Amino acid sequence: GSTVGIIGGGQLGRMAALAAARLGYRVHVFTPEQDSPAAQVSAAATVAAYGDETAIAAFARAVDVVTFEFENIPADSVRLMASLVPVRPGWNVLETAQDRIDEKQFFNDLGIATAPWRAITSHADLVAALDEIGRPAVLKTARMGYDGKGQVRITADTDPAEAWAALGTGLDGSGCGILEGFIDFLGEISVIVARGADGGWAAFDPAWNVHRHHILDTSTVPAPISAATAAQAIDIARCAAEALDVVGLLAVEMFVTPTGLLVNEMAPRPHNSGHWTMDACITDQFEQFIRAVCGLPLGSSARHSNAQMTNLIGADADRWLEILADPDARLHLYGKAEARPGRKMGHVNRLHPLGSDGSDAVTIS
Ligand code: ATP
Ligand code: MG
Ligand code: MG
């Protein structure tokens, strides 16, 4: 049998490893974390820093293909692996997704709209950009942000000097940021597209995403959008995956506005907003991911149920017994010992028959 190498040890790696095991593969995880969620369910784990080139080379030699559940891997490590074994998706995809400036430019170059934005490397840049973009706005670090970490909202009475200081040198110490116009959206959606080595692709239905305290709270399908908006969202994700020549998954987050869709960001891997697929689709995002990186044909992404995914953050997971008693609920726990505030401990998918709640008929845009 073949061995799939997964870089990153979090819950996305865990669920990918479970899907790989179901297809008969062995999984070897590479992660800096001891007793990681992914390592708990994998045949082998290397615990080392992402920049440890000796460990990276040994890992690459031990596996048949490498993929990622975490995209912020140093360029040198990815290049080294790629010299030893197929790496899917390739470095060009990670590079673009690692930097919000490159990412926004990439979409704009494809003619895909985003919030208005400016690259910021100094307080003076910020003042000038605020003049052009106006307020409210959002200042983000260019790299390494997630769950809203590394973001500052700039409202009418925010002092730009304070906003710049709050961001400091950024989460990676580079002092590089991006200012985005604040979008007063109707809602947020995401599309996950799988793309195979042969260029074949399959997209999941757009999910309607609601955040709480800057962390994804629920993803609901069907999203309350028109068929035309859904088709356009899928077209955006497919177009981006093709332009990057992705082999694997690409998740694209978008804002739904009265004047159309705006892309927020992308992730070249399984995505939290796709966890509903585990119980509502014939082939879920993790299986599509493994199929794509292993060169297997993609499965059907068709949805057979309506679903709502709710993240279990921190102490939310204490309610697991209650969730198990709900006949419509499927519980997924990640094996994390410590329920720190803000930590994703698991999720629950609640399932309903297609069309059962009338939501198929509701459209916001
Ligand atoms: P994730 O955990 O999804 O990776 P992140 O930290 O990378 O999040 P974003 O997705 O860019 O950050 O932003 C987090 C959330 O903040 C968005 O889902 C949206 O709700 C809000 N947000 C971000 N940018 C804007 C914007 N320009 N206008 C309005 N709201 C925004
Ligand atoms: Mg992000
Ligand atoms: Mg996001």
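Two residues are in contact if their C-beta atoms, placed from the backbone, lie within 7 Å. The model shown is predicted; local features require pLDDT of at least 70, side-chain atom pairs count only at pLDDT 80 or more, and totals for chains, interfaces and linings use all residues. Residues are numbered from 1 along each chain as its sequence is written, with chains lettered from A and ligands numbered from 1 in the order in which they are written.

**View 1. Helix 4 and its packing partners.** Helix 4 spans residues 91–98, and V93, L94 and A97 are buried in this helix (buried: 20 or more other C-beta atoms within 10 Å of the residue's own; helices: DSSP runs of H or I, at least four residues, and strands: runs of E, at least two, each numbered from the N terminus). These residues cover an arc of only 95° around the axis, which puts them on the same side of helix 4 (arc: directions from the helix axis to the C-beta atoms). Against them pack strand 4 (65–68), helix 3 (75–82), helix 5 (100–109), helix 8 (227–244) and strand 14 (260–267).

**View 2. The largest nonpolar core.** This core has 91 residues, and A16, A237, L250 and V252 have the most contacts inside it (nonpolar core: buried Ala, Val, Leu, Ile, Met, Phe, Trp, Tyr and Cys residues joined through C-beta atoms within 7 Å). Not counting residues up to four places away in sequence, L250 touches V193, A237, A240, A241, M266 and P268.

**View 3. A separate core.** Apart from the largest core lies another, of seven residues, including I313, Y334, M345 and V348. Buried residues make up 46% of the 365 residues in the protein.

Conventions:
A residue is buried if 20 or more other C-beta atoms lie within 10 Å of its own, exposed if 12 or fewer, and partly exposed in between; C-beta atoms are placed from the backbone.
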